[in-house]
Structures are given as C-alpha cells and as structure tokens.
Amino acid sequence: MTTVADATMDWLLETALAPDADDEVIRPLYEAAARCELMLPCCAECDLPLELDQQVCDRCGCQQRHWVPVEPIGVVHSSTLMHRREAGLVRAEHPYPIVDVELTSGHRIVMTTAAPCHSAPPIGAAVRIGYRRLGHVAIPAIDTWEDNT
C-alpha cells in the first residue's frame with residue numbers, strides 16, 4: 001500500500017499544479033490526507049454526504065457542514081483514460097486513468113491512481129484509496145482495485 005511518506009515526486013503532474021492546501025473550503029481533506037486518512041464533508045444538519053466544494057445541502061438547505069472520517073474504499077462509478085501531454089504541466093507520457101469513485105460513505109470523488117497505470121479500473125471495480133504527493137500536498141488516489149464485474 002502506498003503511503004504519503006513513500007512518495008517523492010508525483011508521477012502525473014508537475015509541482016506547480018499542486019492545490020492550495022490552505023484553502024479553508026477543503027483544508028480538512030488535505031490535513032487528513034497528510035496523515036493518510038480520508039475525511040470528507042457532510043451536512044451539519046442531516047449528515048448527507050456533500051461534494052468537496054458544496055456549500056448548501058441538497059436535502060435540507062443547511063449551509064453548514066462538518067468533516068467526517070470515511071472508509072477509504074468504494075466502487076468505480078465511471079472511468080476513462082485521459083490522453084493528454086502538456087510539457088511543463090503533465091509529466092505522464094502515456095494515457096492515464098481518471099476515475100469517479102463512489103465511496104461506501106456515499107461520497108463521490110474524482111481521482112487518478114497513486115502510481116502510474118496504463119489502464120482504467122472497470123465500472124463496478126472495488127477500490128481502496130491511497131495517496132499521492134503533489135508538491136507538499138497529499139492527494140487521495142486509487143491505491144488498488146479488484147475487478148468484480
């Protein structure tokens with residue numbers, strides 16, 4: 001299993017594309033990821049899983065949220081191989097996976113893999129979330145998958 005401490009340079013992107021880990025909207029995600037934990041937002045009123053940048057609950061309209069630890073496992077909802085080379089930004093020389101994962105918590109998160117991979121996990125594959133490092137920021141990424149289709 002890949003841990004954040006194992007990573008030295010991201011396999012996919014150049015360091016200049018590292019997210020702002022101090023952005024107060026999603027800071028808890030990055031703080032938890034640095035500890036190899038996955039935390040995601042839920043509605044403070046009804047506990048509905050929220051998108052990372054979602055500010056208003058779709059169920060009850062509450063504008064408050066709280067961050068909860070979630071199991072780092074889920075199922076592939078959709079996936080594709082991205083064919084993009086952009087010198088100075090994208091380091092990958094081959095197509096790479098972009099995957100929409102539905103976690104057991106009910107959250108959905110789009111990510112790539114923790115290590116280079118020339119194929120995308122199939123829809124329905126069970127995945128375990130690990131981390132990759134982009135600059136000084138730990139980012140959730142698919143660590144392993146099992147094709148259950």
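These points describe a predicted model of a single protein chain.

1. Fold content. One helix and seven strands make up the secondary structure of the protein chain. Read from the N terminus, the order is α-β-β-β-β-β-β-β, with the helix ahead of the strands. The radius of gyration is 15 Å, close to the 15 Å given by the globule rule for 149 residues, so the chain is as compact as a globular protein of that length.

2. Dimensions and surface. The C-alpha trace spans about 45 × 40 × 25 Å along its principal axes. The accessible surface of the protein chain amounts to about 8200 Å², and carbon and sulfur atoms account for 49% of that surface. Of the 149 residues, 39% count as buried.

3. Contact range. For contacts between residues at least 6 apart in sequence, 56% join residues that are at least 24 apart.

4. Charge. The protein chain carries 11 positive and 22 negative side chains. The centres of these two sets lie 3 Å apart. The structure contains five salt bridges, including the three taken up in the next points.

5. Arg132 and Asp10. These two side chains form a salt bridge, at 2.7 Å from N to O. Arg132 belongs to strand 6 (residues 126-134) and Asp10 to the segment before helix 1 (27-34), so the pair ties together parts that are 122 residues apart in sequence. Both Arg132 and Asp10 are buried; the cut-off for that class is under 20% relative accessible area.

6. Arg91 and Glu14. A second salt bridge joins the side chains of Arg91 and Glu14, at 3.5 Å from N to O. Arg91 sits in the loop between strand 3 (73-82) and strand 4 (96-103), while Glu14 is in the segment before helix 1, so this pair ties together parts 77 residues apart in sequence. Arg91 is partly exposed, at 32% relative accessibility, and Glu14 is also partly exposed, at 29%.

7. Glu37 and Arg35. Glu37 forms a salt bridge with Arg35, and their closest N and O atoms are 3.3 Å apart. The relative accessible area of Glu37 is 36%, so Glu37 counts as partly exposed. Arg35 falls in the partly exposed class with a relative accessible area of 48%; the exposed class begins over 50%.

8. Helix 1. The buried residues of this helix are Pro28, Leu29, Tyr30, Ala32 and Ala33. They pack against strand 1 (39-43), strand 2 (65-69), strand 6 and strand 7 (137-146). Strand 6 is also the element that holds Arg132. Just after the helix, Cys36 takes a positive phi of about 60 degrees.

9. Ala92. This residue lies in the loop between strand 3 and strand 4, the loop that also holds Arg91. At 7% relative accessibility, Ala92 counts as buried. Apart from neighbours within four places in sequence, Ala92 is in contact with Trp11, Leu12, Arg84 and Arg85. From C-alpha to C-alpha, Ala92 and Pro140 are 18 Å apart in space, with their positions 48 residues apart in sequence counted as separation.

10. The segment before helix 1. Asp10 and Glu14 each lie in this segment, according to the two pairings above. Asp10 is linked to Arg132 by a salt bridge, and Glu14 to Arg91. Asp10 is buried, whereas Glu14 is partly exposed.

Notes: Residues are numbered from 1 along each chain as its sequence is written. This is a predicted model: local features need pLDDT of at least 70, side-chain atom pairs count only at pLDDT 80 or more; totals for chains, interfaces and linings use all residues. Side-chain values use heavy atoms; hydrogens and water are left out. Helices (H or I, at least four residues) and strands (E, at least two) are DSSP runs, numbered from the N terminus. The radius of gyration is taken over C-alpha atoms; the globule rule is 2.2 Å times the number of residues to the power 0.38. Buried means under 20% relative accessible area, exposed over 50%, partly exposed in between (1.4 Å probe, protein chains only). Contact means heavy atoms within 4.5 Å. Accessible areas come from the Shrake-Rupley method with a 1.4 Å probe; for residues, only the protein chains shown count as cover. Lys and Arg count as positive and Asp and Glu as negative; His and the chain ends are not counted. The place of a charge is taken as NZ of Lys, CZ of Arg, CG of Asp or CD of Glu. A salt bridge is a side-chain nitrogen of Lys or Arg within 4 Å of a carboxyl oxygen of Asp or Glu.
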